[in-house]
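Here's a quick look at a protein with a ligand. Have the sequence and the 3D view open while you read.

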Amino acid sequence: MPGVTDRVVIVTGAGGGLGREYARLLAREGALVVVNDLGSARDGTGFGTAMADKVVGEIRAEGGAAVANYDSVATGDGARSLIDTAVREFGAVHGIVNNAGILRDGSFAKMDEENWDAVLRVHLSGAYHVTSAAWSHFREQGFGRIVMATSTSGLFGNFGQANYGAAKLGLVGLMNTLAIEGRKYDITVNAVAPMAATRMTADIAPADLLQKLPPAHVAPVVGYLVSDECDDTGLVLIVGGGSVQRVQLFANKPVLFPEVPTVDEVRENWSRITDMSDAQPGVNPAG
Ligand code: NAI
């Protein structure tokens, strides 16, 4: 079965922005798409059915297959109900694009617990809940495709986004282990750090940059990652504005101390310890 034809793919947060583009592209490529969105504002407050319904209407108008789902990914009950929607309406679930997200920016000095928790709940726990609810389906059918929405703010840091960056790099950590655990069941897990003009970035990036970043540019990479043909797993890709780039963690050759070093010995070797000129892709020494 080529590409995503007749594959049931859930796109979370697909009522606008990038998720909408992912859902529309996947439907055009022949997937049966569950358009999940709880219709919130950018900060996660509010609820509405109109956003998901609109995207389902757009897909159907183009001759594609889609159903709406309005559950929040931030709870186990919501995620299970989302998976139930896919199974009830289309008979299976083959792919998940964990795209739903909110923003509660603020410098760390001003970041209260509520804004910390809210962002981790949607991005990181949301991906956990939805993936967890689908995992047994994937294992039983010996097939699953998962894409995490990470961010350069998590990979490299960004002022005012401690909560968001922690959640986004947390998703890479989740991906790394799921990629290992999923391998023997043909479950792949990859991450995309998009760059796109959406309501999320509207007042964050400069207008002339945003003009070059239509969200549609990101969708084909997501489309490939969820396809049957792509069996790569554990990749992180930065995608936007016509550019697709892989990111990977590297580690240098270790500096070895036969005995417990003194603080002075650590200081003396610091330039060797921090020198990355001979770095190679990192692997888990315990793995
Ligand atoms: P967006 O705000 O247009 O889309 C996010 C969608 O998620 C919204 O439609 C919202 O209603 C939905 N949502 C929020 N909480 C939800 C919940 N609990 N359950 C279900 N749906 C929920 O923003 P955008 O830019 O399209 O973002 C999509 C993803 O890409 C996010 O995860 C974001 O963090 C990530 N991203 C976007 C970047 C960009 O340049 N636009 C950069 C890096 C990451």
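What follows is a short tour of the ligand and its surroundings, then the domains.

A word on ground rules: this is a predicted model, where local features need pLDDT of at least 70, side-chain atom pairs count only at pLDDT 80 or more, and totals for chains, interfaces and linings use all residues. Residues are numbered from 1 along each chain as its sequence is written, and side-chain values use heavy atoms, leaving out hydrogens and water.

Let's start with the neighbours. There are 30 residues around the ligand, and L18, D37, N99, Y164 and T198 come nearest (a residue is near if one of its heavy atoms lies within 4 Å). Sorted by class, that shell holds 13 nonpolar, 13 polar and four charged residues.

Next, some N or O atom pairs between protein and ligand (a polar contact is such a pair within 3.5 Å):

| Residue | Protein atom | Ligand atom | Distance |
|---|---|---|---|
| S72 | polar side-chain atom | nitrogen | 3.0 Å |
| K168 | side-chain N or O atom | oxygen | 2.9 Å |
| A196 | polar backbone atom | oxygen | 2.8 Å |

Taken alone, the ligand exposes 820 Å², and the protein buries 97% of that (areas use the Shrake-Rupley method with a 1.4 Å probe). Two or more residues of the shell come from each of α1 (17–28), α4 (113–141) and α6 (162–182); helices here are DSSP runs of H or I with at least four residues.

Zooming out, an automatic or database assignment splits the protein chain into domain 1 (8–248) and domain 2 (251–281). Their C-alpha centres lie 38 Å apart.

Methods
A polar contact is a pair of N or O atoms within 3.5 Å; within protein, one must be able to donate a hydrogen and the other to accept it, and residues adjacent in sequence count only if both atoms are side-chain atoms. Ala, Val, Leu, Ile, Met, Phe, Trp, Tyr, Cys and Pro count as nonpolar, Asp, Glu, Lys and Arg as charged, and the others, Gly among them, as polar.
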